[in-house]
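Dear colleague,

I am passing a structure on to you, and I would be glad if you could look through it alongside the notes in this message.

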Amino acid sequence: VHPTDHGAQARSRGLDFGLECGSAAMADEKQGDARVVAEEEIEEDDDELDESLSERLWGLTEMFPERMRNASGLAADCSVTLAKTIYSFTRSALWVGTTSFMILVLPVVFETEKLQLEQQQIQQQRQILLGPNTGLSGGMPGMLPPPVPGKI
């Protein structure tokens, strides 16, 4: 192409532009194919990476220094031991408390209830035998009832 031939230059530029567009389309097509291939590889990787949650968490421990992992493990072990000790102590204390209550307090409660019931029965018998006023005043049989105020 001669530099003074403007028509030839324009035609060659058009051809170049056509080539550039064609090469851009081919590049886009190649990128699309690369994306499809990459997606297929990712899917294959997902199939191969069937890990459980515990395996993934164990893998994450490598992010932390050994000293920190040991300290956190020791803290967890101490927490579990403390929880078991507190649970055991609570069980024992609850057992001692309930059995002591049954042996020491319940007999007293039963005897008190028994005495109250006997006193109620005696009071009912007085009411039946001596009349309704003796049961309320608490007077002894054979004694005069207390004087009524206002009457002498």
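The notes below go from the chain as a whole to one of its helices, then to a surface patch and the salt bridges.

Please keep in mind throughout that this is a predicted model. The protein chain has four helices and zero strands, and, read along the sequence, it follows the pattern α-α-α-α. Of the 152 residues in the protein chain, buried residues make up 2%. The accessible surface of the protein chain comes to about 14100 Å², and 64% of that area belongs to carbon and sulfur atoms.

Helix H3 covers residues 66-130, which is 65 residues, and at 1.5 Å a residue it should therefore span 96 Å; the C-alpha atoms at its ends are 92 Å apart, which agrees with that expectation. Within H3 there is nevertheless a kink of about 40 degrees, which lies at Val105, shortly before the proline Pro107. The residue that follows H3 is Gly131, and its phi is positive, near 110 degrees.

The residue at the kink in H3, Val105, also takes part in a nonpolar surface patch of about 730 Å², which it makes together with Phe101, Met102, Ile103, Leu104, Val109 and Phe110. Ile103, one of the residues in this patch, is found in helix H3. With a relative accessibility of 63%, Ile103 counts as exposed, because the cut-off for that class is over 50%.

Turning to charged side chains, the structure holds two salt bridges. In general, side chains of opposite charge can pair when their charged atoms come close. One salt bridge joins Arg69 to Glu66, with an N to O distance of 2.8 Å; Arg69 and Glu66 both lie in helix H3, three residues apart, which is about one turn of the helix. Arg69 has a relative accessibility of 29% and so counts as partly exposed, and Glu66, with a relative accessible area of 47%, is partly exposed as well.

The other salt bridge is formed by Glu51 with Arg56, where the closest N and O atoms are 3.5 Å apart. Here Glu51 counts as partly exposed at a relative accessibility of 43%, and Arg56 counts as partly exposed at 47%.

If you have time for one part of the model, I would suggest starting with the kink at Val105 in H3 and the nonpolar patch to which Val105 belongs.

With best regards

Key. Residues are numbered from 1 along each chain as its sequence is written. This is a predicted model: local features need pLDDT of at least 70, side-chain atom pairs count only at pLDDT 80 or more; totals for chains, interfaces and linings use all residues. Side-chain values use heavy atoms; hydrogens and water are left out. Helices (H or I, at least four residues) and strands (E, at least two) are DSSP runs, numbered from the N terminus. The expected span of a helix is 1.5 Å times one less than its number of residues. The bend at a residue is the angle between axes fitted to the seven residues ending there and the seven starting there. Patches are made of residues with over 30% relative accessible area and no salt bridge: like charges are joined within 9 Å, nonpolar side chains (Val, Leu, Ile, Met, Phe, Trp, Tyr) within 5 Å. Accessible areas come from the Shrake-Rupley method with a 1.4 Å probe; for residues, only the protein chains shown count as cover. A salt bridge is a side-chain nitrogen of Lys or Arg within 4 Å of a carboxyl oxygen of Asp or Glu. Buried means under 20% relative accessible area, exposed over 50%, partly exposed in between (1.4 Å probe, protein chains only).
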